[in-house]
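Colleague: Could you walk me through one part of this model in some detail, and then set it beside its partner? I would like the cut-offs along the way.

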Amino acid sequence: MEFLFYMGDVFTPVNFGLLLLGTIGGLILGATPGLSPTMAVALLIPFTFKLEPQQGLILLGAAYTSTVAGGAVSAILLKIPGAPANIATTLDGHAMAQKGEGARALQLSFIASAVGGVFGVLLLIFLTPILAQWALAFGPSHLFWLAILGVTVIGTLDSSSVVKGLLSGCIGLWLATIGFDDIMGAQRFIFHPSVAGGINVIPALIGLFAIPQVITMFTKGRSSDDAEIISVKRHPIRKAMAEVFSRKRALSIGTAVGSIIGLIPGVGGQIAGLVAYDQSQKFSPEKDKFGTGHSEGVIAAESANNAMVGPSLVPLLTLSIPGSPTAAVLLGGLLIHGIFPGPDLFMNYPQVAWTFIDSMLIGQILMCVFGLYIAGLAANVARIPHGVMAALVLGLAVFGSYSVQNSMGDVYVMATLGLAMYFLERFGFSAAPLVLGLILGPIAEANFIQGSMIANATVGMGSYFFTGWLNWLLIVIVIASVSYSVWMEIAQRRYTTKDDAVAKEEALS
Amino acid sequence: MTDLPRNQHIIASGLIAAVGITVAYVSFTQEPADAFIFPRLIASVFAVLAIWTFGKAVLGRTKVGNGLSAGAMRNLAPGLIVMLIYVYWAAKGLGFYTATTIAFFVLLSLYDPAPHTQLKTWLKRIVITAAFMLVIYGLFAQLLNVFTPKEILF
């Protein structure tokens, strides 16, 4: 119950002010199509330099939580999901809005998000110390395999092509080796003075997440989302509250699915929302009403995408392995304050860790309260033309990258990686494994070198890295995730081929 | 798959394969060898996967990635040119605030769907640019004390 001891720190004027700012700003940013939670958090990192570590994390955590929920506003009122996590919300949320029940849909979505979110953070609170204790037993070989696991799982599960996902991870791992070698001091792959000190993670994150979005917005030309904002009529919040808790099946399915999916590295809010929606429909006696504006669809999808937020941070805070791109960005936010998460985080920095987690708990409630009031404003922000948004994000990305070390080199790194990522994405590569490779590369290398030294002095490389139940467990998970993804890819190809054949047959007949 | 994406896939995966092979070559030839143990491990996997991807592209078996359409390229080109000039030259050459003001206003004018023939819309763009620069200045210069290159202008 240590988290209760630090609860008071959330309510100091500065901390609470930042929590409010992050929550309200996140809700508005989340409603804006094209601004993903990861990108919003990455762009906010430079603003945390001058803050105390826990203050910076409060701001980033609040933004993360509320951008996921804020995406529901444009999903419901405009039929444009603010983030991929809100795709499932569009199915019933917009249908409800079209029937004049926009306020009810928004209220259900924010209340369900808060319930799911609170459960997810409670899971984070109670799982993290247990896993942190367990993680103290991890040696260099286990940490090496864990880092490889992080890159592999995201590379295989987050990408539509296993080979391209793994290749993206390899590119990230290679980028992490650029600069001076820590042990020998040798220069590695320094092909430009901008990268002499290695690739700084923050400009890289800003570039990899913001610049592809900027360029994608350019490709839409002088268009804007002409979708009409559906007006919202008043709806008593008591009724919405009662309805959410009366739909126990959808709420519990959404919360459970979101929490479990959050714990699996690489499987994001989009999957959580869609799986919860699908399962809720399967178990509902009113299956046929799904897609026509059924409240269970909104409740399941929104409780799931917010329930995954807390558990997605468990691997980061206990093992220093970010389980998602947003967790990787939060790791960047910790690193700039000289804090390296891991099993001893709660011993060395209990105030930072617990105040951050507590703020996420309070943030869920604030998000619910403010979400209901600023939904209209957020929906209007969502209609800002793509070109204007692209110019805003580009300006913030350039200033944000420069401010990390007051270096133009960081701006060049940000822009170059961002440009390359845009083109890579067009050819089926994914940013998430590349980012995880970049972040986990130094962890993997340091533990590989340390493990090699221990191995050479004791049992030898083979025995050290390939024996012991924990090494085996991690290796089996790596192999299983790759095999599962390869199998899924082959199965999907067969289905595609079969569908193509049927379509051709029909066309011929 | 039409010929355009296929050719694009071949070029893109060819470039990645070239990078992969170069990284592998550098890793295995540079000294001291101890500093390149981990890069060698990574580079080997990198090169193999990159060659595999290139082979699939050449055989026309690439299943994911839509490449770039001509329409998207046309829309993208002006913004990309402004962005490249802004980031790689103007920000340092003209000064951060001057370059950002110009780049922001040009991008706004290029991509804002509002008509270009009305004075009102031009005034709106000027006001948005000024407001954005004020916010940027307040956040970075005043709040974060970031000293940006001023160079010939501001």
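How many helices and how many strands does chain B have?

Modeller: Happy to. This is a predicted model, so local features are reported at pLDDT of at least 70 and side-chain atom pairs count only at pLDDT 80 or more, while totals for chains, interfaces and linings use all residues; side-chain values rest on heavy atoms, without hydrogens and water. Residue numbers start from 1 along each chain as its sequence is written, with chains lettered from A and ligands numbered from 1 in written order.

Now to your question: chain B has 5 helices and 0 strands, and from the N terminus its elements read α-α-α-α-α. Helices here are DSSP runs of H or I with at least four residues, strands are runs of E with at least two, and both are numbered from the N terminus. One detail of the backbone sits between helix H1 (3-29) and helix H2 (37-58) of chain B, in the loop that holds Pro32(B). The peptide bond leading from Glu31(B) into Pro32(B) is cis, its omega being near 0 degrees.

As for overall form, a compact globule of 154 residues would have a radius of gyration near 15 Å, but chain B has 23 Å. That radius is taken over C-alpha atoms, and the globule rule is 2.2 Å times the number of residues to the power 0.38. Along the principal axes, the C-alpha atoms of chain B fill a box of roughly 55 × 45 × 25 Å. Buried residues make up 42% of its 154 residues, where buried means under 20% relative accessible area, exposed means over 50%, and partly exposed lies in between (1.4 Å probe, protein chains only). Contacts, meaning heavy atoms within 4.5 Å, add to this: among those in chain B between residues at least 6 apart in sequence, 65% join residues at least 24 apart. The accessible surface of chain B is about 8,200 Å², with 72% belonging to carbon and sulfur atoms; such areas come from the Shrake-Rupley method with a 1.4 Å probe, and for residues only the protein chains shown count as cover. Chain B carries 11 positive and 5 negative charges, whose mean positions lie 14 Å apart. Lys and Arg count as positive and Asp and Glu as negative, leaving out His and the chain ends, and each charge is placed at NZ of Lys, CZ of Arg, CG of Asp or CD of Glu.

On confidence, the mean pLDDT of chain B is 86, and 94% of its residues score at least 70; pLDDT is the predictor's confidence in each residue, from 0 to 100. For the complex, the predictor gives an ipTM of 0.91 and a pTM of 0.82.

A good place to see the two chains meet is Ser403(A), found in helix H19 (residues 386-405) of chain A. Ser403(A) touches Phe140(B) and Val146(B) as well as Pro46(A) and Phe49(A), leaving aside residues up to four places away in sequence. With a relative accessible area of 7%, Ser403(A) is buried. Just past that helix, in the loop between H19 and H20 of chain A, comes Asn406(A), a residue other than glycine whose phi is positive, near 50 degrees. Asn406(A) is partly exposed, at 37% relative accessible area.

Here is the partner as a whole. Chain A comes to 23 helices and 2 strands. For its 509 residues a compact globule would have a radius of gyration near 23 Å, and chain A has 23 Å, which agrees. The C-alpha trace of chain A spans about 70 × 70 × 45 Å along its principal axes, and 62% of the residues in chain A are buried. Its pLDDT averages 82, with 91% of the residues at 70 or above. Among its elements, helix H20 (residues 408-426) of chain A has the highest mean pLDDT, 92, and helix H23 (residues 469-508) of chain A the lowest, 69. Do treat the tail with care in any setup: over residues 501-509 of chain A the pLDDT stays under 50, and the model has 0 contacts there beyond four places in sequence.
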